[in-house]
Amino acid sequence: MRLLMMLLVLVGGCLRARAQAQTNASSQVRTLSLQDCIQMALRHNLDLQIDRYNPQIALFTLKAAYGAYDPVFSLSGQHDHTESGPVLFGTNFIGGSLSDDDRFSTSLKGTSPVGTTYSLAGNVIDTEQQSGFSPTLSSAQGAASFTASQPLLKNFWIDSTRLNIKVSKNRVKYSEQGLKQAIMNTVTAVEQAYYDLIYDRQNVMVQEKAVELATQLVVENKKRVEVGALAPLDEQQAEAQAASTEATLIAAKSALAVQEHLVKQIITDQYAEWVNTRLEPSGTLAAPRQFFNLQDSWSKGLALRPDLLQAKLDVEQQGIQLKFSYNQLFPELDVFGTYGYNGSGGVYSGAFYDIQQMNRPAYTFGGLITIPLGNTTARNNYKSGKVTLQQLVLTLKKLEQTIMVAIDNDIKLAESNFKQVAATRTAREYAGAALDAEQKKLESGKSTTYTVLQMQRDLTTARGNEIQALDNYNKALVQLSLDEGTTLQRLNINVEVK
């Protein structure tokens, strides 16, 4: 049985070495720093590529809203032909009639940014008419005029077009903050995934050392059993420990592979090209001492967080909508006027000449008031808008409080993790020293294999706890920066939305 276990260990080692050689032959290793990963994510992360379109869409929507002020030009022409047959009137026939009209009209209409609607129009009609046996008569008439209408109450200081423009401007700013938030989230994901990748690689090394210690103890115990200095049961315990550490190492390597896949997913949009690439982080897990100021962190979070700025923009947008709803409570009071010139003649040129001479003016002016009885829709829309604004203000206040709580928790977690780093380092040093001492006792026959195995497990656990504490501390600092809204400033990332 013992011989079989030794053979299995040796064969397993050979198979691992062969598999590792084949992997190295079919894959390449790429060493990346944290800054490398961040830059690649900023260029190639698919989520960011999607989110970058949002400001462009918002800007195009704003430009489309301004299209309401584009003047509209129209030109039309038509021909009318009318015939009527002879009519018997008593004993006499009255001859029929024939009429041909050619009509042409043109106009330029639009709305100004202050709500004035205007129209510049012109038309001309050329008529040829014959009745009975009378000669054909030709005549032409035309007119050119300018018409304008201006609201004085409803739709005076804001109308639907100005509402759409103001809201669209607000949404452009909203989308820009959304992009900043997306960049911050992506960068944070890169940093935390990178630190986890370092941890997983170091954890593999920790488990490899555990396998090395367990295998070494198996070899040493075998020699002691052969010379009769140790019971066979101790050798079996060591072999069981070796098998257990081997299984743990396999799990650690699997976790490392999964973490590499996660990092690749974040930093590239061509995953297939990276599938055979092994990532090797050039960074290490350190524990730089940082001093925290809760009030300063709160000030940063309440001033820089993009999601908080978005919430403020939501409040501003609702204020714009409320202003429009209030204006809709008023009755419509419009003043209007038209001024132009008429012309007539036997042909087109005569009508045009009259218009050019401007000696036949025509004008109209007046006012129109329209009062909706009850005005139920407008009044309830305004009341609904006021309540919605109050709701958004409370939502903003709740978000501010959530940010303060999150920052407070982040600081306490970072401080706790920093203390854990020191504690786990001390624990690892003690565990290493205890194992050395216990191994010397075992060599002199003053200890047992079971105790040494327990010490090995304790050392492995202590090593894992130390790197886990380092990983947690670095990720806590990254999370604090995200909750403060200082991720971009900390990494000197300049975001310009064009």
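**Helix H10, its sheet and the cores**

Author: In this predicted model, helix H10 (residues 348–357) has Ala 351, Asp 354 and Ile 355 buried.

Reader: What makes Ala 351, Asp 354 and Ile 355 count as buried?

Author: The term requires under 20% relative accessible area. Ala 351, Asp 354 and Ile 355 are buried in H10, so each falls under that cut-off.

Reader: How do you know on which side of H10 they lie?

Author: The buried residues cover an arc of only 100 degrees around the axis, which means that they share the same side of H10. An α-helix has 3.6 residues a turn, so residues three or four places apart point the same way.

Reader: Against what do the buried residues of H10 pack?

Author: They pack against strand E6 (117–131), strand E7 (137–151) and strand E9 (332–345).

Reader: Why are strand E2 (72–84) and strand E10 (361–370) said to stand at the edges of the sheet?

Author: The open sheet has six strands in the order E2-E5-E6-E7-E9-E10, with antiparallel pairing. E2 and E10 each have a single partner strand, so one side of each lacks a neighbour in the sheet.

Reader: How do you know that E2 and strand E5 (residues 97–111) pair?

Author: Pairing requires at least two bridges. E2 and E5 have 13 bridges, in the antiparallel sense, and therefore meet the definition.

Reader: Which helix gives the most to the largest nonpolar core?

Author: That core has 46 residues. Helix H5 (160–226) is one of the helices that each supply at least two of its residues, and H5 gives the most, with 15 residues.

Methods
Residues numbered from 1 in each chain as written. Predicted model: local features only at pLDDT ≥ 70, side-chain atom pairs only at ≥ 80, totals over all residues. Heavy atoms only, no water. Buried < 20%, exposed > 50% of the residue type's maximum accessible area, 1.4 Å probe, protein only. Helix = DSSP H or I, 4+ residues; strand = E, 2+ residues; numbered from the N terminus. Arc of directions from axis to C-beta. Contact = heavy atoms within 4.5 Å. Core = buried A, V, L, I, M, F, W, Y, C linked by side-chain atoms within 4.5 Å.
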